[in-house]
Amino acid sequence: MRPQPMAPLYPQTGYAPPYPVPQQRKSRVGLIVALAVGIPILAVVALVGLGLAFNAMADEKPASAADQSLVLKVADLEPYLPGLTVHPGAEKTIRRTNVDGSWEVENLYESDELFLLSTYEQTDDSSDAAMTMSAINGGTSIGYSGTQVTEEERNDLMKWGDASKFYIVRNAGNPIGNRLLARKGGKVIHIAFSGIYFTDRDSIHELLDPLLRRVSAAP
């Protein structure tokens, strides 16, 4: 069941019909629910960004609890979406060892209301991490080809690590989600979601800072 539309509690946050606004908890200014039409578009774009051919040659296994702490889960977004029906079978977290010796954790959740892709990759060094970032963004650009999806870069809302890019994702000019791509040393994180988007710094940091602290502390 999709969260029910309501009048915006905080019109100054950039509410733009026809995107419904749910009842917000803890007055999270800047949190808006997007139409489901944006979900499959961002799903395709994000998965292209992963490099499916490269992943096909990797060794996969279920992620451990420690692995899962390095990626964003649907449970992290659930408090921001009152009324969201979470489908446990729609979320899958795996650990993948790549042919080049790097390894990554991937969490993917897909439903009619929400799409979430979150990955953590451990590379050999910062130069490999920079190359991984370039590859992800290159794949994402290919995924946007032929669609009305664009990204508004908003690094003023979130910065992390040695290099990062934070985006508001738009479809036909309307916001549908967010994307973060960042590296710190040999660590690379990539988070993309639609069905919900954030437009203010406090809400974004409230969501992502706990994860980023865990990633920073990981060996």
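## Salt bridges and the sheet that carries them

Arg 96 and Glu 106 form a salt bridge, with the closest N and O atoms 3.0 Å apart. Arg 96 belongs to strand 3 (residues 91-97) and Glu 106 to strand 4 (residues 103-110), so the pair ties together parts that are 10 residues apart in sequence. Both residues, Arg 96 and Glu 106, are buried. The model described here is a predicted one.

This pair is part of a network of salt bridges that links Glu 60, Arg 96, Glu 104 and Glu 106. In the whole structure, a search finds nine salt bridges. The table gives three of them.

| Salt bridge | N to O distance | Strands |
|---|---|---|
| Arg 96 and Glu 106 | 3.0 Å | strand 3 and strand 4 |
| Glu 151 and Arg 179 | 2.6 Å | strand 6 and strand 8 |
| Lys 165 and Glu 153 | 3.1 Å | strand 7 and strand 6 |

The side chains of Glu 151 and Arg 179 meet in a salt bridge. This pair links distant parts of the chain, with Glu 151 in strand 6 (residues 149-153) and Arg 179 in strand 8 (residues 174-184), 28 residues apart. Arg 179 has a relative accessible area of 2% and is buried. Glu 151 counts as partly exposed because its relative accessibility is 23%, and buried means under 20%.

Lys 165 forms its salt bridge with Glu 153. Lys 165 lies in strand 7 (residues 163-171) and Glu 153 in strand 6, so this contact ties together parts that are 12 residues apart in sequence. Lys 165 is partly exposed, at 31% relative accessibility, and Glu 153 is also partly exposed, with a relative accessible area of 40%.

The strands named above belong to a sheet. This is an open sheet of eight strands in the order 2-3-4-5-9-8-7-6, and the pairing is antiparallel. Strand 2 (59-62) and strand 6 are the edge strands, each pairing on one side only. From one strand to the next, the twist averages 20 degrees.

Strand 7 and strand 8 run antiparallel and are joined by nine bridges. Lys 165 has Leu 181 as its bridge partner in strand 8.

Two helices are described against this sheet. Helix 5 (residues 126-144) lies across strand 5 (115-122), strand 6, strand 7, strand 8 and strand 9 (187-194), and runs at about 160 degrees to strand 8. Helix 6 (residues 201-217) packs on the sheet and touches strand 5, strand 7, strand 8 and strand 9. The direction of helix 6 makes about 155 degrees with that of strand 9.

Note on methods:
Residues numbered from 1 in each chain as written. Predicted model: local features only at pLDDT ≥ 70, side-chain atom pairs only at ≥ 80, totals over all residues. Heavy atoms only, no water. Salt bridge = Lys/Arg side-chain N within 4 Å of Asp/Glu carboxyl O. Helix = DSSP H or I, 4+ residues; strand = E, 2+ residues; numbered from the N terminus. Buried < 20%, exposed > 50% of the residue type's maximum accessible area, 1.4 Å probe, protein only. Pairing = 2+ DSSP bridges. Axes fitted to C-alpha atoms, helices over the stretch in contact; angles between N-to-C directions. Contact = heavy atoms within 4.5 Å.
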